Amino acid sequence: MVGRMTAPIRRVAVLGAGVMGSGIAAHCANAGIPVVLLDIVPPKGGPRNAFADGALDKLKKSKPAAFMHARNAILIQTGNLEDDLEKTKDCDLIIEAIIERLDIKQALFERLEKLNDPDTIVASNTSGLRIVDMVQGRSDQFKKNFMITHFFNPPRYMKLLELVAGPDTSAEAKQRVEGFGREVLGKGIVWAKDTPNFIGNRIGLQSMMTTIHLMIERGLTPEDVDSITGIAMAHPKSATFRTADVVGLDTVGHVASNCYNTLTTDEDREVFKTPAYITTMIEKGILGDKTKGGFYKKAGDGLMTLDPKTGEYRGKGGDAEIAKATKSVAKTEDPRERVKKLVATPGPVGDFAWTVLSRSLAYAARRIPEITESIEAIDNAMKWGYGWELGPFETWDALGFAETYDRMKKDGVALPAWVDNMKAAKVASFYADTKIWEPQRGDVAARQLDPREASFEVLRKGGAPVLKNSGAEAWDLGDGILGLTYKTKANSIDADVIKILHDATARAEREFRGMVIWNQGEFFSVGANLFAVVVAAGQKQWDQLREMVRGYQYATQRMKYSTVPIVAAPYNMTLGGGLELCWGCDAVQAAAETYSGLVEVGVGLIPGGAGTMNMLWRSLEAVPEGVDVDTYAFVTQTFKNIALAKVATSAEEAKAFGYFRPTDGVSFDRARQLHETKQRAMGLANAGYHPPAPRAYKLPGESGIATIKMMVNTLVAGGYASEHDAKIAMKLATVLCGGSSGGTHAVTEDEMLELEREAFVSLCGEPLSQARMQYMLQNNKPLRN
């Protein structure tokens, strides 16, 4: 019989239904794990489960969405800590997320120990209390199965999960929780020592507070600082002050105060002291987004900024030269080159950036071995918990280890002995491919890398791609799998991409067992490159435009009926032609955070890459043969999805919408998505793959077109749609209904594609559609009526 400590975690209890606790519960539900969510009984009376029930209601309405699909809420069972604590008896893992009061936590743990199986793992989401204090008075067995699981908010979206073991935590408990976090929840695991605020918040807050204090010293504005410490520094766009608004000034103040009060021997203790103007903001309830105003506040279509000197809001400010310089730096794609350019920028931009970075990098170095013994743990914590593109030591490497060391020494920045030893050993960088410097050993060592996280660059074989043009490359990924990856801006689809889709499919059929489509960059694909469409339409080159559309239609069809399996790996924005590409594949291995939909109506068009047909065909493919089904219901739902540009906000929601199949895979950790995509392609090939047969369906035809027209006319009459919207809608309806004769016979795919092609080209000739496309190109967003 398998022991419980080696069995998978199948049921979780979360005690405390606040923002953090309820978010953890929601993400466990996203992973298919049943959850018991308990909170206190309301002290002022009312329903006894009101707090937990209210938290669940908030989760259902939260933006950004806590659930990957609203139906996941059914996995959460609510209750209260007085009546329902026994419900935790069937749980493998209990996560405590109640108020940060030591006495209350200790009392709860005492109750849990009496109720639960000795092998139940109990974990606290605390960020300020020590394990030895929380488990005081508990049995040795309880201590063996106790640890800290520190999630970052919001749990669905933040990859970091800091784990902290106590002196008595067993290896089995650590392994079980780490496996659950990594394999089930898709988290990036960082083991931290039991010190105040662990790794992420300790390093992140020091950097943020250093920046905030330095702004006053240098006489800069929040706008100046955010332009320097955002994308230009390889940090999130929200930078410093916008991040504080999102997190909440009260939260920032609480974490900073905890550091200041507990880190009495920290050489940077004064850095954590909250400036007077921020303390005043907190006292006045100016807390950021949650109070509709913090450092920034919306005013009409613009933003106002709180002036730290006066405490009053003013119009947009900042130094124009600083904004110009940082904007130029931010255009550099490689984050390593970007941060290097930032520090090298003459004047206040480079000076401010260097001061912030030198102090924060040195502080991170000085925290080893206090908070962790691992360089990589610190880097991962900052990338996964704070959204930095480069961790502190990766940033140091980008600036040049020796050069940065020498400049720090010249500036009097204190560095720990292990960094001096590294310099004396003439080591060029913290990282060197699969090697890393280990401070405690004083030598380089092999990195502990998960082979499932191998990058495209690591997997590809040979010194050159199998196929290449300016739009994409196809590489041998080993094991008989060809890997196609785009090289265009935002992975958009142009003539070169279309050509290589045809060529790569043909090459895969001849020389490989399968193919994967794997893109890199921020988006999987934002769809078609509109520039070529606008140029052709503007010059009335209708035949050329028709052939362009036909080329992409039959590229997706070519893939769809390939003799080898093709698997796409969508993630983030997978829009328009990007989603159409997925429908040309046999299977999808989507990142959990994939945002997909056909959004062409936003630029006055309908889908033109076989998407109109394939969305409808996907909805009909599950109908058993012989069932006399009214296809109008399927047509109208597909019509709504396209006409309303309905975007699925997760891979699971895409399955519910019919954009992905129920059998398609979902990767909770994007780092493993390439491996999982390749495995899916290999699995299809190994299972004796055969391509599907083309389908034909009898569609509503003329009667369906007439019915949709009545609906559209009603919307126009009520002022909910414009005449141009109606024209687009009726073109779409005509295609989906199989043309006027669609009800007289089973409409073939070629017939559907011709209808789609002609509708697309005709709309390109509409002046309003051309205006929308021009606006989109100039402003990177669709024009609304």
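Start by selecting K655, which you'll find in helix α26, residues 651-657. Before going on, keep in mind that this is a predicted model.

**Stop 1: a buried lysine**

Does K655 have a partner of opposite charge, or does it go without a salt bridge? K655 is buried and has no salt bridge. Show E652 as well: it is the nearest side chain of opposite charge, 4.1 Å away. A salt bridge here needs a nitrogen and an oxygen within 4 Å. Now colour the residues that K655 touches beyond four places in sequence: F660, R661, P662, D664 and V666.

**Stop 2: a charged network**

Next, select E676 and R672. Their side chains meet in a salt bridge, with N and O 3.6 Å apart. R672 is buried, at a relative accessible area of 3%, while E676 counts as partly exposed at 22%. Add K159, E183, D450, R452 and D669 to your selection, and you have a network: salt bridges with shared partners join these residues to R672 and E676.

Why do such pairs turn up? Side chains of opposite charge can pair when their charged atoms come close. Over the whole structure, a search finds 47 salt bridges.

**Stop 3: two other salt bridges**

Pick D268 and R366. The closest N and O atoms of this salt bridge are 3.5 Å apart. Follow the chain between the two and you'll see that the pair links distant parts: D268 is in the loop between α10 (249-262) and α11 (276-283), R366 is in helix α14, and 98 residues separate them. Are the two partners buried or exposed? D268 is buried, with a relative accessible area of 15%, and R366 counts as buried too, at 18%.

Then jump to K87 and D84, whose side chains form a salt bridge at 3.6 Å, N to O. D84 is buried at 12% relative accessible area, but K87 is partly exposed at 28%.

**Stop 4: a threonine with no exposed surface**

Select T556 in helix α22, residues 542-560. T556 has a relative accessible area of 0%, so it counts as buried. What surrounds T556, leaving aside its neighbours within four places in sequence? Switch on E580, L581, G584, G609 and A610: T556 is in contact with each of these. Try drawing a distance from T556 to A610. Their C-alpha atoms are 7.2 Å apart in space, although the two residues are 54 apart in sequence.

**Stop 5: the second largest pocket**

Zoom to E223, D226, S227, K237 and K316. The second largest pocket has a volume of about 670 Å³, and of the 22 residues lining it, those five are the closest to its centre. Which elements give two or more residues to the lining? They are α8 (222-229), β10 (302-306) and α12 (320-330). Colour α12 brightly, since it gives the most, with five residues. If you colour the lining by class, you'll get seven nonpolar, seven polar and eight charged residues.

**Stop 6: the largest cavity**

There are three cavities of 30 Å³ or more. The largest cavity holds about 50 Å³ of space. Select its lining: S127, G128, L129, R130, D194, T195, P196, N197 and F198. By class, that lining splits into three nonpolar, four polar and two charged residues.

**Stop 7: backbone oddities**

Finish by switching to a backbone view. Where are the cis peptide bonds to look at?

- N153 to P154: this peptide bond is cis, with omega near -5°. P154 sits in the loop between β6 (146-151) and β7 (160-165).
- I368 to P369: this one is cis as well, with omega near 10°. Look for P369 in the loop between α14 (348-366) and α15 (375-386).

Two residues with a positive phi, neither of them glycine, come last.

- A239 has a phi near 55° and lies in the loop between α8 and α9 (241-247). A239 counts as buried, at 10% relative accessibility.
- K426 has a phi of about 60° and is found in the loop between α18 (417-424) and β12 (431-432). K426 is exposed, with a relative accessible area of 76%.

Methods
Residues numbered from 1 in each chain as written. Predicted model: local features only at pLDDT ≥ 70, side-chain atom pairs only at ≥ 80, totals over all residues. Heavy atoms only, no water. 1 Å grid on protein atoms, 1.4 Å probe; cavity = no way out; pocket = protein on both sides within 12 Å on 5 of 7 lines; lining within 4 Å. Points joined across faces, edges and corners; volume = space filled by probe spheres on them. Helix = DSSP H or I, 4+ residues; strand = E, 2+ residues; numbered from the N terminus. Nonpolar A, V, L, I, M, F, W, Y, C, P; charged D, E, K, R; others polar. Buried < 20%, exposed > 50% of the residue type's maximum accessible area, 1.4 Å probe, protein only. Lys, Arg positive; Asp, Glu negative; His and termini not counted. Contact = heavy atoms within 4.5 Å.
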